[in-house]
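Colleague: Could you take me through one part of this model in detail, the sheet in the second chain and what packs around it? I'd like one connected account rather than a list.

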Amino acid sequence: MLWLWILIGVVAVVVLFAVVGYNRLVRLRNEVDTGWANIDVQLQRRTDLIPNLVETVRAYAAHERGVFEEVTRARTALQQAGSPATAAEANEGLTAAIGRLFAVAEAYPDLKASENFLQLQEDLTDTEDKISAARRYYNATVMRFNTAVQSVPWLFVATPLGFHEREFFSAQDDTALPQVSFQTSN
Amino acid sequence: MTLQEQIRANRLRSTIVVFGFVLLLLVLAGLIGFAFDISLGVVALVGAAAYGIFALVRSRSMTARLTGAREVAPEAVRPLRRLVENVSIAAGLPVTPEVRIVDDAAPNAYAAGLRPEKSYVGVTTGLLATMPQRELEAVLAHEVSHIRNRDTYLMTMALVFAGVIALIADIGFRSIAYGGRSRRGGVLVLVLAIAGFLLAPYAALLLRMSLSRRREFLADAGAAEILNDPEAMALALRRLEQDPTTIKYADASTAHLWVESPTDRLDSERSGVLALSRLFNTHPPIESRIEALEEAGGFRLPEQLPADEAFGLQHGLG
């Protein structure tokens, strides 16, 4: 009889632990998903601006075809990126391509003075800032989630219930991961 | 503590504060009821509750009026609006708070609102005219983390309850002074009642102040984390400290809201530094806030602040 009670007790503790762990991991995973959705919105906004930008520049500099194709390719690559890491890589690629497009635009004073172009330039700078803001939040949530998944005791819940580490939004040679950690208990 | 845990701890603390205040209210009403008349106690309680609900509903516009913050169209302050958007995104807020402008030469900022979706950040024109972008962002991040941590909620609650308690204690005093009603229970109850009416507002004030001081450290740390730049926050604090101007609307009732306490200088100018007055400070000293940041971020502030152009001048604001 005693053994039965001990068994029931152990099972109860294990179940309780699993429930608490599961809830915690789900909460952290939802934060990661929200963080990713924030990045996705900004990436979407950025890709939406590109066709307009290309058309605007083309109106003044129709023969610079190489750079238009490059920007369009980079945009497609970003749209097709499946994972955070590849999206980050594609995003860097798009940044570089847009940079070259702006360098080309330097040679056309009329273009540089056009209202539409200035507006697009401002909007693009704004989305870039917002992507990096969203990235800070997303990477911080990934850091918390991964730490939970990798560390004892949640490790024992995470593996059987199918919680896997998530990717950071960062290109390979990128070290801009969150570095500051705070003791906020004072 | 993770962020979510902090937020939950804050919610729990809000609940405790609310319960503490309700208890204090009940005790006060009980005292009134005991010392004079049960019906007077009930009237005081109902009146206080009505006042409290009214104050909560009106808190947003009331704070705006007390601090002199005016609504501005987002287009009119586009560059500033963008900074607030970026900071809110980095903080993981679902909605970007509104921006309001306080016409005041003293650099300062605050956040208000019961819920994150209904919150706003108030910024003085003086802040825009003194802070370079990096430090302005840090101040905005500080305010946004107040909103994210639900500090604005907690402090609004505390403020409203403190007001209610002052009101009910006042009713008690007036009843003693002018009350021709039958006084039951003799001298002891009367003395107890007077002591209660005298001390309750201070108890409420102390509770409010101690709450708000802890919040400042948390919000500084939050800002550093949001921007991944603890030095920016420390620089902003140092610049605020060095600025000699004081908020026009400096007032005990809104002192706890601002990023830098607006009343410290007034107090020390008027009455010298009293040991007791430290207890009633809404903010920890700036120096200890800077030290906390230096320790967490592992840096030392330079002697000289960077001489970058102020954000407001750069963008024609403020």
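Modeller: Sure, and let's begin with how chain B is put together: of its contacts with a separation of 6 or more, 75% are between residues 24 or more positions apart. Keep in mind that this is a predicted model. Chain B has 12 helices and 4 strands, and buried residues make up 47% of its 318 residues.

Now the sheet. The 4 strands of chain B form an open sheet with mixed pairing, in the order 1-2-4-3. Its edges are strand 1 (69-71) and strand 3 (109-112) of chain B, each of which pairs on one side only. Ignoring direction, neighbouring strands in this sheet are turned by 30° against each other on average.

Let's walk across it from the strand 1 edge. Strand 1 of chain B runs antiparallel to strand 2 of chain B, and 3 bridges join them. If you want a residue pair to click on, B:Ala69 has B:Val102 in strand 2 of chain B as its bridge partner. Strand 2 of chain B (residues 98-102) is mostly covered, with 4 of its 5 residues buried.

On to the next pairing: strand 2 and strand 4 of chain B are parallel, over 5 bridges. Here B:Val99 stands opposite B:Val121 in strand 4 of chain B. Then strand 4 of chain B (residues 120-124) pairs with strand 3 of chain B in the antiparallel sense, over 4 bridges. In that pairing, B:Tyr120 of strand 4 of chain B is the bridge partner of B:Ala112.

What packs on the sheet? Helix 5 of chain B (residues 133-148) lies across strand 3 and strand 4 of chain B, and runs at about 20° to strand 3 of chain B. In the loop between helix 5 and helix 6 of chain B you'll find B:Arg150. This arginine has a positive phi of about 65° although it is not a glycine. That's worth a second look because most residues other than glycine have a negative phi. B:Arg150 also counts as buried, because it has 22 C-beta neighbours inside 10 Å and the cut-off is 20 or more.

Past that loop comes helix 6 of chain B (residues 151-178), whose axis comes within 9 Å of the axis of helix 2 of chain B (residues 38-67), crossing at roughly 150°. The two helices are therefore roughly antiparallel to each other, since angles over 145 degrees count that way. Helix 2 of chain B passes helix 6 of chain B in a right-handed crossing. On the helix 2 side of chain B, the contact residues include B:Leu40, B:Ala44, B:Ala48 and B:Tyr51. Helix 6 of chain B contributes, among them, B:Val160, B:Phe161, B:Gly163, B:Val164 and B:Leu167. The residues of this contact divide into 12 nonpolar, 5 polar and no charged.

One more backbone spot to put beside B:Arg150: B:Asn228, in the loop between helix 7 (186-227) and helix 8 (230-242) of chain B. Phi of B:Asn228 is near 55°, a positive value in a residue other than glycine. With 18 other C-beta atoms within 10 Å, B:Asn228 is partly exposed, whereas B:Arg150 counts as buried.

How values were computed: Residues numbered from 1 in each chain as written. Chains lettered and ligands numbered in written order. Predicted model: local features only at pLDDT ≥ 70, side-chain atom pairs only at ≥ 80, totals over all residues. Pairing = 2+ DSSP bridges. Axes fitted to C-alpha atoms, helices over the stretch in contact; angles between N-to-C directions. Contact = placed C-beta atoms within 7 Å. Parallel < 35°, antiparallel > 145°, perpendicular 65-115°, else oblique. Left-handed = near helix turned anticlockwise from the far one by under 90°. Nonpolar A, V, L, I, M, F, W, Y, C, P; charged D, E, K, R; others polar. Buried ≥ 20, exposed ≤ 12 C-beta atoms within 10 Å, placed from the backbone.
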